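Thank you for making the time this morning. I would like to walk through one structure with you, taking the helices before the strands.

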Amino acid sequence: MPSTPRPRSPFVAALLALFCNGLGHAYAGAIGAAGAIALLWLAICAAWLASLGAGLRATIAVGLGALAVWVGQAVLAARSARRAGEAPRRWFSRPLGLVAFYAATLLLWWGVHSALRPYAARAYEMPSGSMVPTLRPGDWFIAAPRGAVERGAVVVHEAPRGAPHQDPLVKRVVAIAGDTVEVRDGLLVLNGRPVERRRVAGPCTYENRTGDGRWSEERCIEYVEEIDGRAYRTYCTPYVPCGDVDPRKVPPGHVFVLGDHRDHSADSRVYGPIPESMILGRASYVYFSVGPAGVRWERVGRPLR
């Protein structure tokens, strides 16, 4: 004599839905709703990847929307299970069917992620002081897929051949293909003309993290530099040469990059101009930051110019 079907548990439906969007509805027997929720979640995940490069507010907004959908579909899955009661369970609501649904969801996400990966923003950590004051050690920042390469942009690029570390580097583009670039005591000279630079009066110090993880306060000299209407700050260390370089022309398809901390950066003065093809993305904003005293909330959401 066939056994009486067990009623579907709203608790199990909600738990499955929280584990995988749509899985709770599949368990409840609503396969159409399960598929629609899974596709909606994939679209939200794709939107979240795209929002990373649009700024912290957009990322938070999409994240809150995703949280609402995640919780909401779990609540609806519990209701669907309650309504299903003791109705006969079809193959897709049984254990093997649920495993198949979950596997299909993973495969779909892998396909979407692979397709969007070249266009998705990525997160990086700033490990050194080479870009102080724009980026500080302990900053976590977002780099969006690169657009047109322009002077003044902060970019992440692959480590050049022969570099001691193969981790990506973050620097500022100061010259593009065809430009003649020179550095005189930290002063940038572009196409024979000194780039506008003015010293900022007053004391200048910054927090630096050494290779062993210890923090120290360092002295500096602060300048405001401007290229093509883009103003940004640079540092030099008192009584330390700022890394001069003789005039050189940037070859086609290359850019010349410098760290904003001019005497604490290994950049194109060391490894030469880099191919544009090595640029991984353009730094957009700081999304998290930790210093010697803990979280630096004042830096969270700071745009990078």
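In which hand does helix 3 pass helix 5, left or right? Helix 3 passes helix 5 in a right-handed crossing, where a crossing is left-handed if the near helix is turned anticlockwise from the far one by less than a right angle, and right-handed if clockwise. Before going further, I should say that this is a predicted model, in which local features need pLDDT of at least 70 and side-chain atom pairs count only at pLDDT 80 or more, while totals for chains, interfaces and linings use all residues. Residues are numbered from 1 along each chain as its sequence is written, and side-chain values use heavy atoms, with hydrogens and water left out. Helices (H or I, at least four residues) and strands (E, at least two) are DSSP runs, numbered from the N terminus.

Let me stay with helix 3, residues 31-51, and helix 5, residues 95-116, whose axes lie 11 Å apart at an angle of about 25 degrees. Axes here are lines fitted to C-alpha atoms, for helices over the stretch in contact, and angles run from 0 to 180 degrees between N-to-C directions. That angle makes helix 3 roughly parallel to helix 5, given that angles under 35 degrees count as roughly parallel, over 145 as roughly antiparallel, 65 to 115 as roughly perpendicular and the rest as oblique. Among the residues that meet, with contact meaning heavy atoms within 4.5 Å, are Leu42 and Cys45 in helix 3 and Trp109 and Val112 in helix 5. The residues of this contact divide into 13 nonpolar, 3 polar and no charged, where Ala, Val, Leu, Ile, Met, Phe, Trp, Tyr, Cys and Pro count as nonpolar, Asp, Glu, Lys and Arg as charged, and the others, Gly among them, as polar.

Helix 3 also packs with helix 4, and there the axes come within 9 Å and cross at roughly 165 degrees. Helix 3 and helix 4 are therefore roughly antiparallel to each other, and their crossing is left-handed. The residues in contact include Trp41 and Trp48 from helix 3, together with Val62 and Trp70 from helix 4, and by class the contact has 11 nonpolar, 4 polar and no charged residues.

Helix 4, residues 56-84, has a further contact with helix 1, residues 10-19, at an angle of about 150 degrees and with the axes 8 Å apart. That makes helix 1 roughly antiparallel to helix 4, and helix 1 passes helix 4 in a right-handed crossing. Trp70 of helix 4 appears in this contact, too, alongside residues of helix 1 including Pro10 and Leu18.

Turning to the strands, an open sheet of 3 strands has the order 8-11-12 with antiparallel pairing, where two strands pair if DSSP finds at least two bridges between them. Strand 8 (196-199) and strand 12 stand at the edges with a single partner strand each, so one side of each is left without a neighbour in the sheet. Strand 11, residues 221-227, pairs with strand 12 over 7 bridges, and Glu225 stands opposite Tyr232 in strand 12.

A second open sheet, of 4 strands, runs in the order 7-6-5-13, again antiparallel. Its edges are strand 7 (193-194) and strand 13 (245-249), each with a single partner strand, so one side of each has no neighbour in the sheet. Strand 6, residues 187-190, is joined to strand 7 by 2 bridges, and Val189 has Pro194 as its bridge partner in strand 7.
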